[in-house]
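Reader: I should like to learn how burial, cores and surface patches are read from a structural model. Could we begin with the terms and then turn to the case at hand?

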Amino acid sequence: MIIVVWLTLVLILARLAVEIWLASLNRRHVLAHAHEMPEAFNGIIDEPTYKKSVAYTLAKGRFGNIEDTGSTAVLLVALFSGALPWAFHLFSHGLGLSAWVMAAFLFATGLAVSLPGWPFDWYAQFRLEQKFGFNTTTPKIWWSDRLKGLLLALVLGYPLLALILNLVQWTAPWWWLWAWAVVLAFQLLITLLAPVLILPLFNKFTPLPEGGLRERLLDLAKRTQFRARSIQLMDGSKRSRHSNAFFTGFGRFRKIVLFDTLVGQLTEPELEAVLAHEIGHFKKKHIPKMLGFSSVGSLVGFYLISVLARQEWFYRAFGFEPGNVAPALLLMGLLVGTVTFWFSPLIHWWLRRYEYEADAFAAQVMSGPQSLIGALRKLNEKNLSNLTPHPYYSGFYYSHPTLLEREQALAGKT
Ligand SMILES: [Zn+2]
């Protein structure tokens, strides 16, 4: 029993140590290139912007260290202070052990553990992003985003939790298989419906207005046999000056979304190249592939929970009485990040391969990589991206290859 506690403690602290170590590698790497812009970026960005991107990277790194330490402290307090068994006692003695009460217990503790992160989010938005000229969020928007997120979790997450807890009773000992199937179906439904039901709660989406740009993009869609009525403009400038484009959903509800900030920054051929990249993600079936991959992960996860939920020592190690599956689900929920963290280099390597595939597709349909390279350079410049991350750091965390990596890969395609 005591060994479980130690093992958990070691995993949590090792994660924090790796995070801080990677951050310090990255910091030193950035500082080593800070005084003089590396030759490779001549003509890509100017010296003042480069200096600003260095300052932004360093500020984010310092803040990241504080945030990582803070969230580790919260996790340790949650796991080892006895607060969770106390809360479980409160719920089960006051309200009983029904699935709806246990779901409420999971929801309430989940919320309580996430609350200490809010001041960090606030600081990141209204101090850090503000300082570097990115923030356009007002406190009112910030609070209404929180409220909407909470309501969504209540409407979607709470019934899902209750259903899973009921499945434990209805379908034991195979509940983990049922729970996995239900969660997978739920995920598919959300992916399908998010573009029409959830994203519009937070942003305004409008079809791209008539004009040269629309003509050009529709022509690209035709060339690549992509149904084009789903090219939408999003009011990203409502929250931030960062610019982006993404592809979401599948089937009838799929959408390609361009931030209004992006449209303001790029030329028409560059925007066309960005859209070609997004169509590349669609053509290469990246969303279904990612869903398939994550569903295998969650199947393993649910099976492991079902095994641990049968072990008395697992409950006792964290101060719970065995007998109800809710605390086991809670513990796994709290610890899932500590476990999946170690897989992030693999997952990100996988995601970066998708980016290269989408880039290659774009270069092919644009008959050359020039416009895509132009777009990537501007995106990196306008977003003050770190142009010189430590290879370990970017390898561990980056879902997209760095600018130089992408340019090199594209150069190989000509
Ligand atoms: Zn992409």
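Author: Buried means under 20% relative accessible area, exposed means over 50%, and partly exposed lies in between. The model shown here is predicted.

Reader: Is Thr-137 buried or exposed?

Author: Thr-137 has a relative accessible area of 7%, so it counts as buried, under the 20% cut-off. Thr-137 sits in the loop between α5 (118-131) and α6 (139-171).

Reader: Which residues is Thr-137 in contact with, leaving aside its neighbours within four places in sequence?

Author: Those residues are Gln-125, Phe-126, Trp-142, Lys-238 and Arg-239. With Gln-125, the side chain of Thr-137 also forms a polar contact of 3.2 Å.

Reader: How should the nonpolar interior be read?

Author: In soluble globular proteins, nonpolar side chains tend to be buried together. Here the largest nonpolar core has 47 residues, and Leu-217, Leu-220, Leu-258, Leu-262, Val-274, Leu-275 and Ile-279 touch the most other members. Helix α10 (residues 268-283) supplies the largest share of this core, 6 residues. Apart from it lies another core, of 43 residues, including Val-4, Leu-165, Trp-176 and Ala-179.

Reader: Which residues does Leu-220 touch, not counting those up to four places away in sequence?

Author: Leu-220 touches Glu-272, Leu-275, Ala-276, Ile-279, Val-365 and Met-366.

Reader: What of the surface?

Author: Leu-11, Phe-293, Val-339, Trp-342, Phe-343, Leu-346, Ile-347, Trp-349 and Trp-350 make a nonpolar surface patch of about 820 Å². Its largest share, 4 residues, comes from helix α14 (residues 344-365). Phe-293 belongs to helix α11 (residues 286-308); at 43% relative accessibility, Phe-293 counts as partly exposed.

Methods. Residues numbered from 1 in each chain as written. Predicted model: local features only at pLDDT ≥ 70, side-chain atom pairs only at ≥ 80, totals over all residues. Heavy atoms only, no water. Core = buried A, V, L, I, M, F, W, Y, C linked by side-chain atoms within 4.5 Å. Buried < 20%, exposed > 50% of the residue type's maximum accessible area, 1.4 Å probe, protein only. Helix = DSSP H or I, 4+ residues; strand = E, 2+ residues; numbered from the N terminus. Contact = heavy atoms within 4.5 Å. Polar contact = N/O pair within 3.5 Å; in protein donor to acceptor, adjacent residues only side chain to side chain. Patch = residues over 30% accessible without salt bridge, like charges linked within 9 Å, V, L, I, M, F, W, Y side chains within 5 Å. Areas by Shrake-Rupley, 256 points an atom, 1.4 Å probe, with all protein chains shown as cover. Salt bridge = Lys/Arg side-chain N within 4 Å of Asp/Glu carboxyl O.
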